[in-house]
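Biologist: Before we discuss any contacts, please show me the sequence and the model together.

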Amino acid sequence: MGDRWLLRGAEIITCDPEQADLPRGDVLVEDGRILAMGPQLHAGGCRPVDLHGKLLLPGLIDAHRHTWQTPLRALGADWTVMDYLAAVRVKLSPAFQPEDLHAANLAGALEALDAGITTLVDYSHCVESPAHADAALTALQDSGIRALFAYGYAAGPQASAALPTPASRLLDARRLRTTRLASDSGLVRMGIALTEMQVPWEQSRAELRSARELGVPITAHCSAWPMSGPSEVQRMAAEGLLGPDVLFVHCTWSSDEDLRRIADSGGAIAVTPETELQMGMGFPVTGRALRAGVRTALGCDVVSSNGGDLFTAMRLALQVERGRAHERDGLSKVLALKAARMLPMVTLDAAEALGLGRVTGSLRPGKDADLIVLDAKALNLTPLNRPRDAVVLQAHAGNVESVMVRGRWAKFQGALVDVDLDTVRRRVVEARDAVLARVGGAAALLGEREALGAHWDMGSAGGAKDP
């Protein structure tokens with residue numbers, strides 16, 4: 001396929017405050033970027049694509065996904081957060097070998113692309129060795145997705161021989177930053193995923209400072225359960241470590257004061273409604289975050305428990321917030337949170353949260369051509385009365401017909417491009433079988449919940465033992 005495309009006749013949702021939606025319009029893509037938009041464009045030397053009866057909108061952005069857990073799909077369908085930590089973080093994570101991680105990340109990234117996700121934050125906290133980090137990164141690059149590879153500083157309950165200390169993990173992250181991820185112009189960029197702040201505060205401080213020295217975005221799980229000590233946000237604020245480069249995740253138990261601190265710092269929150277509701281983390285913070293002025297994004301989190309598409313995440317976040325408002329205020333005459341408000345959370349607001357607002361997240365000339373095409377003639381979208389609302393409340397991943405990332409078709413007219421799906425499926429199944437065999441099978445996963453006591457302190461921040 002060429003690199004100059006004229007996409008004709010779609011109904012265009014721009015998700016850009018300076019670009020109006022078009023009931024019918026064209027998009028000219030050249031050298032990976034949007035060159036022009038408007039009705040009935042004329043350009044020579046292009047490959048035309050007829051999109052009449054289609055919806056064209058920016059690619060979706062998943063702000064929080066543990067992509068490495070793809071082989072564990074649905075094993076945690078009935079798990080709480082304690083079950084998840086015991087099974088996945090204590091037992092399964094150390095059982096992954098580099099080849100398993102590559103198979104997992106490749107299948108997970110392709111799953112995301114297939115569902116219209118053109119950018120994801122890969123919170124990669126299964127880094128047991130430099131080879132693991134390289135395998136996870138290579139898989140993202142092989143998939144063709146845009147991603148923030150957030151190198152996970154978290155160690156398992158027993159530190160690996162390859163990365164035995166917190167300092168060794170910082171050094172390995174620096175290795176990637178100075179070699180494979182030295183540039184910020186590639187589709188896959190470097191980020192840092194902090195250890196949950198149940199380690200001594202000195203370690204968390206060192207991780208934050210290392211990320212700032214590397215000049216990369218930071219993401220961190222935050223206030224996902226009640227805390228008896230100072231919160232992560234309080235500790236960071238006290239030492240001037242908050243900033244617009246920090247993407248907090250969950251924040252279900254964050255105080256209003258902490259939310260204001262995040263907003264004032266320019267930071268952002270990734271809400272993962274499906275995980276939070278299932279695992280007992282509290283209600284999604286969506287409404288409180290928006291009211292506090294926090295830039296808010298959405299994430300799928302873990303397919304080991306739940307689904308991997310953002311259409312579901314938008315609906316859950318919206319309807320949970322509406323239900324809570326009805327319960328709190330009585331039957332509302334006017335719904336405060338509008339359906340169309342969810343779209344920025346998976347497009348432009350999410351891009352801004354990742355420092356990518358000038359590159360992706362909306363459709364406008366000059367930005368990279370990250371876009372998706374939905375079949376608006378599908379029965380679940382017919383008749384298309386309110387396009388933005390329909391995307392949030394009626395669309396699903398099966399409507400995603402085509403996906404473009406930086407001007408390249410990753411999915412075209414219903415099929416992933418240049419992907420050997422049989423091989424991808426075989427490898428991720430083999431990874432599942434190998435990992436489960438190393439831990440004694442799926443039935444053994446919840447047999448050691450007491451192991452948590454040595455690693456996670458669920459009641460305080462900065463108080464647990466060194467991993």
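**Charged pairs across the chain**

Biologist: What relative accessibility does Arg364 have?

Modeller: Arg364 counts as partly exposed, a class between buried (under 20% relative accessible area) and exposed (over 50%; 1.4 Å probe, protein chains only). This is a predicted model, in which local features need pLDDT of at least 70 and side-chain atom pairs 80 or more, whereas totals for chains, interfaces and linings use all residues. Residues are numbered from 1 along each chain as its sequence is written, and side-chain values use heavy atoms, without hydrogens and water. The relative accessibility of Arg364 is 24%.

Biologist: Which residue meets Arg364 in a salt bridge?

Modeller: The two side chains meet at 3.5 Å, N to O, which counts as a salt bridge because a Lys or Arg side-chain nitrogen lies within 4 Å of an Asp or Glu carboxyl oxygen. Arg364 sits in the loop between α12 and β14 and its partner in the loop between β1 and β2, so parts 348 residues apart in sequence are tied together (helices, H or I, of at least four residues and strands, E, of at least two are DSSP runs, numbered from the N terminus). The partner is buried, with a relative accessible area of 6%. That residue is Asp16.

Biologist: Which residue does Asp114 of helix α2 pair with in a salt bridge?

Modeller: Asp114 is partly exposed at 32% relative accessibility, while its partner is buried at 4%. The side chains meet at 2.8 Å, N to O. The partner lies in strand β16, so the pair ties together parts 297 residues apart in sequence; the partner is Lys411.
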